[in-house]
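Thanks for coming. I will put one structure on the screen and go through its sheets, its pockets and two backbone outliers.

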Amino acid sequence: MAGMEGDDAGAALDHIVTQFNTYEDYLDSQITTQDLFYLENEEMARQLVELGFRGSGEVLKREDFVARKVAAEASRLSERHQQKTISSAGKELKDNFLKALAEREEANRSGKMSSIIFIRDRNARGQEVSAYIDYAHRLKVDEFEVYFNGKKKLFPRRTDLSFYNWDRNICCLNSSPNYQVIAENVCGVLFKNKSDRKVINVDPKAYPGDNTTRTPIETDLYLQVVIYDHVLRRKL
């Protein structure tokens, strides 16, 4: 656009693309009633505008209009897809645990972070159970919409990184796509991240490990919740 530079010109072009559904609609906006009076032909008036003989200022070319229209639509679809993939998007969450999950969801889905969630609670039989859950992995295999809607609770499973039934003394250990379980250790169970090979120590009295923070969560949904956030440093 004449007289505009950089971002201002780009913003003006984007505004045109948003304002008009088709290139013909844009051309029509440049035609005056006087043009139609003298030319008596709308199609010819459009052609004159497109060629730059009519209209105010520099006319946006057809190929530029179409290219920007396609880009704008792609951006809109990408935004909608992003909202769909983020299960917590648009949800009004009241419990601290669900808020904590929502805050970490995008980072765990994108691979910027790999969180381990410790949950201790009672199952349907009243037995005390606990587990260390690979959050990023669960996001891929579970439908989290039901958790954020409050229809179901995220609960310990025997297939999690570490599962323990305190009443029946049942223990299960499983490596996941993101973590290798290290059980033969004097410090107790450790989890080695498969991406950066850093070790996460879940002992509350110990240092949790490089790039890892330990956060206890106050919640009404479970007996105890602790989240270990491991930030993954991407290779440049």
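I will start with how the model was treated, then move from the overall fold to the details.

This is a predicted model, so keep the thresholds in mind: local features need pLDDT of at least 70, side-chain atom pairs count only at pLDDT 80 or more, and totals for chains, interfaces and linings use all residues. Residues are numbered from 1 along each chain as its sequence is written, and side-chain values use heavy atoms, with hydrogens and water left out.

First, the overall picture. The protein has eight helices and nine strands. Helices (H or I, at least four residues) and strands (E, at least two) are DSSP runs, numbered from the N terminus. There are 236 residues in the protein, and 37% of them count as buried. Buried means under 20% relative accessible area, exposed over 50%, and partly exposed in between, with a 1.4 Å probe and protein chains only. Among contacts with a separation of 6 or more, 50% come from residues 24 or more positions apart. A contact here means heavy atoms within 4.5 Å.

Now the sheets. One open sheet has six strands in the order β4-β3-β2-β1-β9-β8, with antiparallel pairing. Two strands pair if DSSP finds at least two bridges between them. β4 and β8 (212-216) are the edge strands, each pairing on one side only. On average, neighbouring strands of this sheet are turned by 10° against each other, direction ignored. Axes are lines fitted to C-alpha atoms, for helices over the stretch in contact, and angles run from 0 to 180 degrees between N-to-C directions. The helix α6 packs on the sheet and touches β1, β8 and β9; its direction makes about 155° with that of β1.

At the β4 end of the order, the pairing can be followed residue by residue. Strand β2 (residues 128-134) pairs with β3 (residues 162-165) in the antiparallel sense over four bridges, and S130 has Y164 in β3 as its bridge partner. β3 in turn pairs with β4 (residues 170-173), also antiparallel and over four bridges. There, the bridge partner of F163 is C172 in β4. β3 and β4 form a hairpin with four residues between them.

That hairpin brings up the backbone outliers. Most residues other than glycine have a negative phi. Which residue in the turn of the β3-β4 hairpin has a positive phi? It is N169, at about 60°, although N169 is not a glycine. N169 counts as exposed because its relative accessibility is 55%. R197 also has a positive phi, of about 65°, and is not a glycine either. R197 sits in the loop between β6 (190-193) and β7 (199-201), and at 55% relative accessibility it counts as exposed.

R197 leads to the other sheet. This is an open sheet of three strands, in the order β5-β6-β7, with antiparallel pairing. Its edge strands are β5 (179-182) and β7, each pairing on one side only. The twist averages 30° from one strand to the next. β5 and β6 pair over four bridges, with K192 in β6 as the bridge partner of Q180.

Last, the pockets. The method uses a 1 Å grid over the protein atoms alone: a pocket is an open set of points where a 1.4 Å probe fits, with protein on both sides within 12 Å along at least five of seven lines, and lining residues have an atom within 4 Å of a point. Grid points are joined across faces, edges and corners, and a volume is the space filled by probe spheres set on the points.

The largest pocket holds about 330 Å³ of space. Its lining has 20 residues, with F118, S130, Y132, W166 and V189 nearest the centre. β1 (113-122), β2, β3, β4 and β9 (224-231) each supply at least two lining residues, and β2 gives the most, with four. By type, this lining divides into 14 nonpolar, three polar and three charged residues. Ala, Val, Leu, Ile, Met, Phe, Trp, Tyr, Cys and Pro count as nonpolar, Asp, Glu, Lys and Arg as charged, and the others, Gly among them, as polar.

The second largest pocket has a volume of about 200 Å³. It is lined by 15 residues, of which N108, G111, A136, K140 and N178 are closest to its centre. α6 (96-110), β1 and α7 (135-141) each supply at least two residues of this lining. The residues divide into four nonpolar, eight polar and three charged.
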